[in-house]
Amino acid sequence: MAKSEGIPAPAVRRLSLYLRHLENSQGRNRATVSSRELSRAVGVTDAQVRKDLAYFGQFGHPGIGYRVDDLVARMREILGADKVRSVVLIGAGNLGKALMSYRGFRKKNFNLIAVFDNDPQKVGEPAADAVCDRIQSLDKLEAVVRKHEVKLAILAVPASAAQVIAERLATAGVRGILNFAPVILQTRPGVTTSTVDLAVQLEQLSFLVTTGQTGDDRDGDGLN
Ligand code: ATP
C-alpha cells in the first residue's frame with residue numbers, strides 16, 4: 001500500500017510544496033523551521049500545516065519547530081523521492097525539447113531514460129546531454145517501457161495524438177502521465193494523469209489579472 005494512501009490529494013500536493021521549501025532551507029543550512037514559516041511559504045494557515053504533517057507522522061517538536069533534515073528525509077520517503085524513477089518522454093517538438101533539457105527533473109531524482117517521436121526526421125537526433133542518447137521511433141515505446149518497467153511518462157505530442165499514446169503507455173505498464181497536450185485524457189483505473197495546459201493556465205492568469213485578484217494560483221484553477 002502506498003504510504004500516502006487515504007490522505008487527501010490536496011495534502012499530498014502540498015507535501016511537495018513543503019518539501020521544496022524545506023530543501024531550500026536545507027541548502028541554507030537551516031536546522032529547524034516553524035509551522036508559521038511553512039504556512040507562509042505554501043500559502044496556507046499554520047493549522048493546515050500541522051494538520052497536513054500530522055497525516056504523515058509526528059514531526060513537530062514543541063518549542064523547536066520541525067527539524068529540517070528529519071522532515072526532508074521523511075517527506076522524500078513518503079513521496080518516493082529518495083529513489084531514482086525512470087521516465088519516458090513522447091514528443092520531441094518545441095515543448096518536448098525544452099522538457100528534455102530541463103534539469104529540474106534530474107534534481108528531483110527523475111531519470112529521463114528515453115524520448116520518442118514519430119517524425120522520421122527527429123528519430124536519431126541526439127536527445128539532451130547525457131540523458132538518454134538519441135530520440136527513438138515510437139515503435140519502440142512498448143519494448144522500452146516494459147524492459148525498464150517504466151511507470152511514468154511525459155506527453156508532449158499534439159492533442160490529436162495524445163489519447164492513443166496514453167492508451168499504449170497504460171497497456172505497457174505506465175501508471176502516471178504528465179500530459180502537456182491540450183486535451184483531457186480518458187484513463188483506465190490504475191492510471192493517473194496530470195495535465196499541464198500552458199495556454200489555459202495563462203488564460204486563467206490573465207483572467208485573475210484583469211479581475212484584480214492577486215496571489216499565487218497554486219493549482220492553476222483560476223481561484224486564489
Ligand atoms: P510543440 O507542441 O512542442 O511546440 P511542435 O509545434 O514542434 O511542438 P507539435 O505538432 O505540437 O509540434 O508536435 C510535438 C511533437 O510530437 C513533434 O515532434 C511531433 O513530431 C510529435 N508527434 C506528433 N504526433 C505524434 C505521434 N503520433 N507520436 C509521436 N510523436 C508525435
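Which strands does helix H8 (residues 159–172) lie across, and at about what angle does it run to S7? I put this down as my opening entry, and I note beside it that what I am reading is a predicted model. Looking it up, I find that H8 lies across strand S4 (85–90), strand S7 (152–155) and strand S8 (176–179), and that its direction is at about 170° to that of S7.

**Entry: the chain as a whole**

I then stepped back to the whole chain, where I count nine helices and nine strands in the secondary structure. The C-alpha atoms, taken along the principal axes, fill a box of roughly 60 × 45 × 35 Å. Of the 224 residues, 37% count as buried. I also looked at contacts between residues at least 6 apart in sequence, and 54% of these join residues at least 24 apart.

**Entry: the sheet**

I traced an open sheet of six strands, which I wrote down in the order S6-S5-S4-S7-S8-S9, with parallel pairing. Strand S6 (135–137) and strand S9 (192–195) stand at its edges, and each has a single partner strand, so one side of each is left without a neighbour in the sheet. On average, neighbouring strands here are turned by 25° against each other, if direction is ignored.

At the S6 edge I checked the pairing in more detail, and found that strand S5 (residues 110–117) pairs with S6 in the parallel sense over three bridges. Phenylalanine 116 stands opposite glutamine 136 in S6.

**Entry: helix H3 and its partners**

How do H1 and H3 pack, and how far apart are their axes? Helix H1 (residues 9–27) and helix H3 (residues 46–56) meet at an angle of about 100°, with 10 Å between their axes; the two are therefore roughly perpendicular to each other. From H1 the contact takes in Ala11, Arg14, Leu15 and Tyr18, and from H3 it takes in Gln48, Val49, Asp52, Leu53, Tyr55 and Phe56. Sorting these residues by class, I get seven nonpolar, one polar and two charged.

I repeated the exercise for helix H2 (residues 35–42), which packs against H3 at an angle of about 100°, with the axes 8 Å apart. H2 and H3 are therefore also roughly perpendicular to each other. Here Ser35, Arg36, Leu38 and Ser39 of H2 meet Asp46, Val49, Arg50 and Leu53 of H3. This contact has three nonpolar, two polar and three charged residues. Reading the two lists together, I see that Val49 and Leu53 of H3 take part in the contact with H1 and in the contact with H2.

**Entry: an aromatic pair**

I searched the whole structure for aromatic pairs, and the search gave one. The pair is formed by tyrosine 102 and phenylalanine 105, whose ring centres are 5.0 Å apart and whose planes stand at 90°, so I record it as edge-to-face. Tyrosine 102 has a relative accessibility of 48% and therefore counts as partly exposed, and phenylalanine 105, at 21%, counts as partly exposed too.

**Entry: methionine 100**

Is methionine 100 buried or exposed? Its relative accessible area is 6%, so I enter it as buried. Methionine 100 lies in helix H5 (residues 94–100). My last note concerns alanine 127, which is 27 residues away from methionine 100 in sequence, while the two are 7.1 Å apart in space, C-alpha to C-alpha.

Methods. Residues numbered from 1 in each chain as written. Predicted model: local features only at pLDDT ≥ 70, side-chain atom pairs only at ≥ 80, totals over all residues. Heavy atoms only, no water. Axes fitted to C-alpha atoms, helices over the stretch in contact; angles between N-to-C directions. Helix = DSSP H or I, 4+ residues; strand = E, 2+ residues; numbered from the N terminus. Parallel < 35°, antiparallel > 145°, perpendicular 65-115°, else oblique. Contact = heavy atoms within 4.5 Å. Nonpolar A, V, L, I, M, F, W, Y, C, P; charged D, E, K, R; others polar. Pairing = 2+ DSSP bridges. Phe/Tyr/Trp six-rings, centres within 6.5 Å; stacked < 30°, edge-to-face > 60°. Buried < 20%, exposed > 50% of the residue type's maximum accessible area, 1.4 Å probe, protein only.
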